[in-house]
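Got your viewer open? Load the model, get your selection tool ready, and follow along stop by stop.

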Amino acid sequence: MTRSILVTGATGYIGSHTCVCLLEAGWRVIGIDNLCNSSPRVLSHIARITDRELPFQVLDVRDHVNLCRLLQREEVSAVIHFAGLKAVGTSVSQPLNYFDNNIAGTLTLLRALHQHGVRKLVFSSSATVYGEPKHVPITEDAPLSATNPYGRTKLIIEQCLADLRQSDPEWRIATLRYFNPAGAHETGLLGEDPRDTPNNLMPYIAQVAVGRRKCLTIFGNDYPTPDGTGVRDYIHVMDLARGHLASLERLFNKPDSFTVNLGTGQGVSVLEAVAAFEAACEKKIPVRFSGRRPGDVASCYASPESARELLGWRAEKQLADMCADHWRWQRNHPNGY
Ligand code: NAD
Ligand code: WQD
């Protein structure tokens, strides 16, 4: 039987792009997703890009019985675990859903993997675990804290994974702290398709550009940053996908676990992001300023050095590529999939 990689959250934004990367690199991939925040139409788009089918099952990571059935049936040698809820604001109003989906879901998955002898895992963490960073660029040894229930789920899962590694050195776990994923597949066939009003900057700008929304509200122009707007580290989703490939390869080749930032190391302000998107779509994006969004920090960007040293990985695409690809996807799919 060929070794397979199980991808949870396979039809989601980052999961779908990573599946493309894995299939193109020759891995056998099995996808699962409960489709609570994605469309099964993603699968035909992945097949069109890669010319390969992605075996897929609608499955919730909290469903222990069916996870075990799948793991009995398939020879899974590693898991990339994307499945989870990610809206910071909703996590504040519905913390129990976030604890259940993200924490209980991950624990159920880990128990099933443990039972079936799978000991390699790549986990989607987030720069949110740095809370309010004291210094930028942020290195992996910076203090960790949670500023909202979503962030707490990532922090708690990271801690559970550390305990698991401690208990059994057979586990090889890659914890990847993503900064701000943006962009889309260069074909314009895959991209981010938020179900509700986008919380994140790039999808919001893209929906203004395509005419679905009138105006971008910029949250704060009085930050201690060069132009007063928030500074972030936007990273192309395909660079992020390649980071998963590099992590997986390392897990198979080296008997250790690691935690790395996946970011570019470049800070970009909201106004710079808007200007870059305007250049890509050749339209003016109407903006208005409002007060700061609660919980936002002034500036957050990665030191990508550990990822370079440990994985030989670095982000290759620029902000202009992210905007051009994001725009191609949005223009081709004004209403999503
Ligand atoms: P997404 O919502 O597009 O993808 C997540 C997928 O998981 C969705 O397809 C959803 O249907 C599925 N899912 C949710 N709960 C599930 C469950 N219980 N069982 C099975 N499937 C389930 O989000 P994304 O942007 O692709 O994020 C992927 C991962 O990366 C998440 O864990 C997220 O927290 C993390 N992350 C995302 C960002 C970001 O800004 N996009 C940043 C840092 C970390
Ligand atoms: C970026 C900048 C906003 C929207 C969030 C999560 C984090 C991670 C990534 C999952 C900020 C400004 C935004 C808008 C705006 N997700 N903005 N108007 O806040 O860095 O991180 O997504 O792990 O956990 O918190 O990203 O895209 O929401 O905001 O002015 O309509 O754009 O204030 O400065 P953020 P973002």
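Start by selecting K86 together with ligand 1: a polar side-chain atom of K86 sits 2.8 Å from an oxygen atom of the ligand. Keep in mind as you go that this is a predicted model.

Now add I14 to the selection. Here the backbone does the work of reaching ligand 1, with an N or O atom of I14 placed 2.8 Å from one of the ligand's oxygen atoms. V61 also comes in through a backbone N or O atom, but its partner is a nitrogen atom of ligand 1, at 3.0 Å. Switch on a surface for a moment: of the 810 Å² of accessible area that ligand 1 has on its own, the protein covers 96%.

Next, widen the selection to everything around ligand 1. How many residues surround the ligand? You should get 28, and the closest of them are D33, N37, S38, N101 and Y150. Colour that shell by class and you'll see 12 nonpolar, 11 polar and 5 charged residues. If you colour by secondary structure instead, look for α1 (13–24), β5 (120–126) and α6 (149–167), each of which supplies at least two residues of the shell. Which element has the largest share? That's β5, with 3 residues.

While you're in this part of the chain, make two side trips to the backbone. Click on L35, in the loop between β2 (28–33) and α2 (42–50). Its phi is near 65°, a positive value in a residue that isn't glycine. Then go to D51, in the loop between α2 and β3 (56–58). D51 isn't a glycine either, yet its phi is positive, at about 65°.

One more backbone stop: pick P137, in the loop between β5 and α6. The peptide bond joining V136 and P137 is cis, with omega at about -5°.

On to ligand 2. Select D296 first and show its side chain: a polar atom there lies 2.5 Å from an oxygen atom of ligand 2. N180 also uses a polar side-chain atom, placed 3.0 Å from an oxygen atom of the ligand. With L201, look at the backbone instead, where an N or O atom is 2.8 Å from an oxygen atom of ligand 2. Bring the surface back: ligand 2 has 680 Å² of accessible area on its own, and the protein covers 87% of that.

Expand again, this time around ligand 2. You'll pick up 18 residues, with S126, Y150, T217, R232 and D296 coming nearest. You may recognise Y150, which is also listed among the closest residues to ligand 1. Which strand gives the most to this shell? Highlight β8 (residues 216–219), which contributes 4 residues. By class, the shell of ligand 2 splits into 8 nonpolar, 7 polar and 3 charged residues.

R232 is a handy stepping stone to the next stop, a sheet. Select its bridge partner, V268 in β12. Strand β9 (residues 231–232) is joined to β12 by 2 bridges, and the two run antiparallel. Now add β14 and you have the whole open sheet of 3 strands, in the order β12-β9-β14, with mixed pairing. At its edges are β12 (268–269) and β14 (299–300), each pairing on one side only.

Now for some empty space. Select T264, Q266, A315, K317 and Q318, which lie nearest the centre of the second largest pocket, out of 16 lining residues. Two elements give two or more residues to that lining: α10 (305–311) and α11 (319–332). The pocket holds about 280 Å³ of space. Its lining divides into 6 nonpolar, 5 polar and 5 charged residues.

Last stop: the structure has 1 cavity of 30 Å³ or more. To find its walls, select E192, D193, P194, Q207, R212, W329, Q330, H333 and G336. They enclose about 30 Å³ of space. Sorted by class, that lining comes to 2 nonpolar, 4 polar and 3 charged residues.

Note on methods
Residues are numbered from 1 along each chain as its sequence is written. Chains are lettered from A and ligands numbered from 1 in the order in which they are written. This is a predicted model: local features need pLDDT of at least 70, side-chain atom pairs count only at pLDDT 80 or more; totals for chains, interfaces and linings use all residues. Side-chain values use heavy atoms; hydrogens and water are left out. A residue is near a molecule or strand if one of its heavy atoms lies within 4 Å of it. A polar contact is a pair of N or O atoms within 3.5 Å; within protein, one must be able to donate a hydrogen and the other to accept it, and residues adjacent in sequence count only if both atoms are side-chain atoms. Accessible areas come from the Shrake-Rupley method with a 1.4 Å probe; for residues, only the protein chains shown count as cover. Ala, Val, Leu, Ile, Met, Phe, Trp, Tyr, Cys and Pro count as nonpolar, Asp, Glu, Lys and Arg as charged, and the others, Gly among them, as polar. On a 1 Å grid over the protein atoms alone, a cavity is a set of points where a 1.4 Å probe fits but cannot get out, and a pocket is an open set with protein on both sides within 12 Å along at least five of seven lines; lining residues have an atom within 4 Å of a point. Grid points are joined across faces, edges and corners, and a volume is the space filled by probe spheres set on the points. Two strands pair if DSSP finds at least two bridges between them.
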